[in-house]
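User: I would like to go through this structure step by step, with the reasoning behind each answer. Could we begin once the sequence and the model are shown?

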Amino acid sequence: MRGLTIALMIVVNNQVGSGRMFPFLNHVLWDGLSFADLVFPSFMFIMGVCAAFSLNKVGLSKSKSAWKSIYRGFKIIIVGILLTWIARGLHGVEKLLEFETLRLTGVLVRLGICYAFASVIYIYMGPSKKLIATITVILVAYAAILVFFNGFCLAEDNIIAKIDRAVIGCEHMYHKRLGNDVRICFDPEGILSNLPGIAHVLIGMLCGNLIMKGKYDLWKVVAKLALAGGGLIILGFFLNPMIPINKNLWTPSFVFATCGGAATTLAILLWMLDIRKMKVSWLVMPTCVFGLNPLVLYCFSYLLEEFVWMIKIGELDFPSWFSSLFGGNEFGSLAYSIFLVIICWLAGLPLYLKKIVIKL
């Protein structure tokens, strides 16, 4: 599942253009949910599941294990910022020196922050009722902040945007596109919205612990995961009228709905592969290549995306040219993204065959 989410992230991140892509592969502008909005939170969830396995295996004291998790989270954050910097450098040496406009947030930065905090909380609390209470407190407090401080407004005076501008500055933030030539200083991976992200990873950790506890009775594990997933989906959509499902804000309803979908997907995969023993090598082998080195292949895809847009074939950039081979429409855009997935898969295949794991 971890590899599947990475492959889908590459597909979603590498469409040719909003006017030439299937709507389900485009992120919703503000409130709402599309297929594209499910991919990143699914990776956050499965990161939590995997973290629960690794944290239970580590034979260290709580303090040492916590510091190790903080250090790993810090490395992921640094790699995320360096990745953005290197990608800018592909467009010229002068871009490398424009530190005043370097984005200091992003996907990897969010992963690093949420992993570090969630791991420390899990190490000291374990899969207990206190952990469930902590998740609840985080999400209720975050919802209250959104309600009382103009958090649901798509504007630069949104509390999330205000905090980001005050801490890191508008020039280091993502500028959200509202139209063809309209952008506002609002970052979908803002500082404040890491709070529900931490709760998101913690829910994944609880599900990971559920799997570990029931490894000798997988039917029960699948049943519990499916019930938990279904319950979270219902809760997310029940809250939706009051607290809109919104990826940019990472609202509590978004956390519940997407964690529910991920838990249900994980239950289906456990049923298919571990209980029914289905022979689906066409799915397992390709996704395991991505799953073995997920962050490395994500970084590779990020730089590859920047590089291919610099290639010109005639008057067209490579993505537009490749898309035109398949009609230049939605199917062409999808074909281009699948092409990049294949390149990334080929890059990860030698690592998979030799069982080389590159850890951060």
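**Cysteines, cores and rings**

User: What does Cys 288 count as, judged by its relative accessibility?

Analyst: The model is a predicted one, and in it Cys 288 has a relative accessibility of 33%. Buried would require a value under 20%, and exposed a value over 50%. Because 33% falls in between, Cys 288 counts as partly exposed.

User: Which cysteine has the sulfur closest to that of Cys 288, and why is there no bond?

Analyst: A disulfide needs two cysteine sulfur atoms within 2.5 Å, whereas the closest cysteine sulfur to that of Cys 288 is 11 Å away, which is too far for a bond. That closest sulfur belongs to a residue that is itself partly exposed, with a relative accessible area of 27%. The cysteine in question is Cys 50.

User: Which residue is joined to Cys 170 by a disulfide?

Analyst: The search of the whole structure finds one disulfide, and its sulfur atoms are 2.2 Å apart, with Cys 170 joined to Cys 185. Cys 170 lies in the loop between helix H7 (159–167) and strand E1 (176–177), and its partner in the loop between strand E2 (183–184) and helix H8 (194–213), so the pair ties together parts that are 15 residues apart in sequence. Cys 170 is partly exposed at 24% relative accessibility, whereas the partner is buried at 1%. The residue asked for is Cys 185.

User: Which helix gives the most residues to the largest nonpolar core?

Analyst: This core has 77 residues, and those with the most contacts inside it are Phe 45, Leu 111, Leu 202, Met 205 and Leu 225. The helix that gives the most to it does so with twelve residues, and that helix is H2.

User: How many residues make up the second, separate core?

Analyst: Tyr 142, Ile 160, Ala 161 and Leu 192 are among the members of this separate core. In soluble globular proteins, nonpolar side chains tend to be buried together. The number of residues in the second core is ten.

User: What is the arrangement of the aromatic pair formed by Trp 30 and Phe 186?

Analyst: The whole structure holds 13 aromatic pairs, and in this one the ring centres are 5.4 Å apart, with 70 degrees between the planes. Trp 30 lies in the loop between H1 and H2 and Phe 186 in the loop between E2 and H8, so the pair ties together parts that are 156 residues apart in sequence. Both Trp 30 and Phe 186 are buried. Since planes over 60 degrees apart define this class, the arrangement is edge-to-face.

User: How far apart in sequence are the parts that Phe 40 and Trp 250 tie together?

Analyst: The ring centres of Phe 40 and Trp 250 are 5.5 Å apart with planes at 75 degrees, so this pair is edge-to-face. Phe 40 lies in helix H2, and Trp 250 in the loop between H9 and helix H10 (252–275). Phe 40 is buried with a relative accessible area of 6%, and Trp 250 counts as buried at 0%. The separation in sequence of the parts they tie together is 210 residues.

User: Over the ring of which residue does the charged end of Arg 72 sit?

Analyst: A charge can sit over a ring when it is within 6 Å of the ring centre and within 35 degrees of the ring normal. The charged end of Arg 72 is 5.1 Å from the centre of the ring it sits over, and that ring belongs to Tyr 115.

Conventions: Residues are numbered from 1 along each chain as its sequence is written. This is a predicted model: local features need pLDDT of at least 70, side-chain atom pairs count only at pLDDT 80 or more; totals for chains, interfaces and linings use all residues. Side-chain values use heavy atoms; hydrogens and water are left out. Helices (H or I, at least four residues) and strands (E, at least two) are DSSP runs, numbered from the N terminus. Buried means under 20% relative accessible area, exposed over 50%, partly exposed in between (1.4 Å probe, protein chains only). A nonpolar core is a set of buried Ala, Val, Leu, Ile, Met, Phe, Trp, Tyr and Cys residues joined through side-chain atoms within 4.5 Å. Rings of Phe, Tyr and Trp (its six-membered ring) pair if their centres lie within 6.5 Å; planes under 30 degrees apart count as stacked, over 60 as edge-to-face and the rest as tilted.
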